Amino acid sequence: MSPISAHHRFRDPRSTRYDFLASVLVRCPTCDKVARIVAGPEPAGAHGPGLSASRRLVCRNCGTSRESNRGNTMSYRGPYEPAVDPYFGLRLWLRTETRHGWVWAYDLEHLDLIKRFVQATLREGIPWHDSGRRMTVVARLPAWMQQAKNRDEVLRAIARIHASLLHS
Ligand SMILES: [Zn+2]
């Protein structure tokens, strides 16, 4: 009998990072507290919220409110650059640096998905013959986040991110 039930089993839910853009936590450019980027008013004829939909930056602390109607999102600048949101280019709130690179997430659900993956000792990959979504959050995590020897360090980084939200 293998003690498989004692392991944290993880199955990729196939979420992509675009699934976590409904409410992105960023640092407010005015007061440095937590602000959110949410969907802006829908223009007539829009096909639901998507990457090209307008977005609104809202800070409940200082009242800052800005609209973004930019048609394109900014490209992600790589694992060693501080992570920013794709609409306004503001610093993500849920991020911290480790000696390997940045741990970052758009929202708490996104962070939780990364945490569950890192905690898992048994990870079910997407089968090679599967034609579904491949560029998932999990599939795109850098190699150092997937290594067991870095597990504790990444989990500590995630705990720091949670703490930064509590003290904000
Ligand atoms: Zn503010």
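The paragraphs below lead through this predicted model, from the chain as a whole to a four-stranded sheet, a cysteine in one of its loops and a pair of packed helices.

Residues are numbered from 1 along each chain as its sequence is written. Because the model is predicted, local features need pLDDT of at least 70 and side-chain atom pairs count only at pLDDT 80 or more, while totals for chains, interfaces and linings use all residues.

The chain contains three helices and eight strands, where helices (H or I, at least four residues) and strands (E, at least two) are DSSP runs numbered from the N terminus. Followed along the sequence, these elements give the pattern β-β-β-β-β-β-β-α-β-α-α. Of the 168 residues, 22% count as buried; a residue is buried if 20 or more other C-beta atoms lie within 10 Å of its own, exposed if 12 or fewer, and partly exposed in between, with C-beta atoms placed from the backbone. Among contacts between residues at least 6 apart in sequence, 58% join residues at least 24 apart, a contact being a pair of residues whose C-beta atoms, placed from the backbone, lie within 7 Å.

Four strands make up an open sheet in the order β2-β3-β4-β5, with antiparallel pairing; two strands pair if DSSP finds at least two bridges between them. The edges are taken by β2 (23-27) and β5 (65-68), each of which has a single partner strand, so one side of each is left without a neighbour in the sheet. On average, and with direction ignored, neighbouring strands of this sheet are turned by 25° against each other.

Going through the sheet in order, β2 is joined to β3 by five bridges, and Val24 has Ile37 as its bridge partner in β3. These two strands form a hairpin with six residues between them, and Asp32 in the turn has a positive phi of about 65°. Strand β3 (residues 34-39) is in turn joined to strand β4 (residues 55-58) by four bridges, with Arg55 in β4 as the bridge partner of Ala39. In a regular strand the side chains alternate between the two faces of the sheet. In β4, Arg55 and Leu57 form the covered face, whereas Arg56 and Val58 form the uncovered one. Four bridges also join β4 to β5, and Leu57 is paired with Arg66 in β5. The hairpin of β4 and β5 has six residues between the strands, and Gly63 in its turn has a positive phi of about 85°.

The loop between β4 and β5 also holds Cys62, which is partly exposed because 13 other C-beta atoms lie within 10 Å. When residues up to four places away in sequence are not counted, Cys62 touches Cys28, Thr30 and Cys31. Cys62 and Lys33 are 29 residues apart in sequence, and their C-alpha atoms are 8.6 Å apart in space.

Turning to the helices, α1 (residues 108-119) packs with α3 (residues 151-166) at an angle of about 155°, their axes being 10 Å apart. That angle makes α1 roughly antiparallel to α3, since angles under 35 degrees count as roughly parallel, over 145 as roughly antiparallel, 65 to 115 as roughly perpendicular and the rest as oblique. The axes are lines fitted to C-alpha atoms, for helices over the stretch in contact, and angles run from 0 to 180 degrees between N-to-C directions. From α1, Leu111, Ile114, Lys115, Val118 and Gln119 meet Arg151, Val154, Leu155, Ile158 and Ile161 of α3.

Key. Two residues are in contact if their C-beta atoms, placed from the backbone, lie within 7 Å.
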